[in-house]
Amino acid sequence: MSFSIFKRSFTTASWLGWKVESNWADPFLFFVYSVIKPVAGAAILVVMYSVITQGNFATPIFAYLFIGNAFYQYVGAVMTGVSWAIIDDREHYRTLKYIYVSPINVPMYLVGRGVARFITGTFAVLVTMAFGIIFLQVPFDPAVIDWGLFALTIVVGIIMLTVMGISLAGVTLLTARVNVFPGDVVASLLYLFSGVIFPINMLPSWLQWIGYIMPTSYWLELIRRSLVGNIADAYPTFTAISNSQLMLILIGLTVVFGAISYFVFKACDHAARERGLIDWTSEY
């Protein structure tokens, strides 16, 4: 398949995805919703932390927790944006069968559909971080930020979340429509195992291995270190591992999950075609 087809699939799907995501309300209401939602989510976490610690926001643990929670919004946004396109096009708009017979690359189309969620997710992350920096004194000094490490971590992380979303999209081809977003369900499960609000080594020993094989754990650790490097000791899980080693692990796991995603989507796509599920509507 030529590069022009990949490019056309991605750009067209990106434009379509943004139209679908942003056309349910007027621009002002969409903007207000995009601000209130992440702030409300952060406020819930802040209230819980305040009750437990009697309002001690000056500790490195709070900064570690807040930054991890803020950037974890990307996980649900990207995976849902890529995978929910299957349900949206098959069950809501009933156009998936037409997309399949079009001269496009379906996985690249799904990646393009996830761009809109990535954009809104980025806005949510920025709003959450601004809220923490302005009102909660989350440490933020542009002079000490490792911008190169931060940029590389974000790029590798988005690729990692995208390939995980493709795998989830393949499974979605074989499942019925449900009332919740599959990407959000998976993100909620990974929330407990990725060291977002507590270190992985606080999990029961028989569950810790899940956190250690999840690339999201290493991704969040690198984001925290790149933004506020001196709080790395707050969560001691990875203190013995250097930044370069963490990056190599993250890249390696991204490659592994990418290979798994390729075979999972290919197998699910083949099964969906054979079973006539491309134009199937579950009508729950």
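Colleague: Leaving aside its neighbours within four places in sequence, which residues is threonine 153 in contact with?

Modeller: This is a predicted model in which local features need pLDDT of at least 70 and side-chain atom pairs count only at pLDDT 80 or more, while totals for chains, interfaces and linings use all residues. Residues are numbered from 1 along each chain as its sequence is written, and side-chain values use heavy atoms, with hydrogens and water left out. Taking contact as heavy atoms within 4.5 Å, and setting aside neighbours within four places in sequence, threonine 153 is in contact with Trp219, Leu222, Ile223 and Met247.

Colleague: Does threonine 153, which lies in helix H8, count as buried or exposed?

Modeller: Helices here are DSSP runs (H or I, at least four residues) numbered from the N terminus, and threonine 153 belongs to H8. Buried means under 20% relative accessible area and exposed over 50%, with partly exposed in between (1.4 Å probe, protein chains only). Because its relative accessibility is 0%, threonine 153 counts as buried.

Colleague: Which helix gives the most residues to the largest nonpolar core?

Modeller: That core (buried Ala, Val, Leu, Ile, Met, Phe, Trp, Tyr and Cys residues joined through side-chain atoms within 4.5 Å) holds 52 residues, of which Phe66, Phe71, Trp219 and Leu227 touch the most other members. Elements giving two or more residues to this core include H3 (60–71), H8 (147–173) and H11 (215–227). With 9 residues, the most is given by H8.

Colleague: How many residues are in another core that lies apart from this one?

Modeller: Among the members of that other core are Ala13, Ile166, Ala272 and Leu277. Lying apart from the largest nonpolar core, its number of residues is 17.
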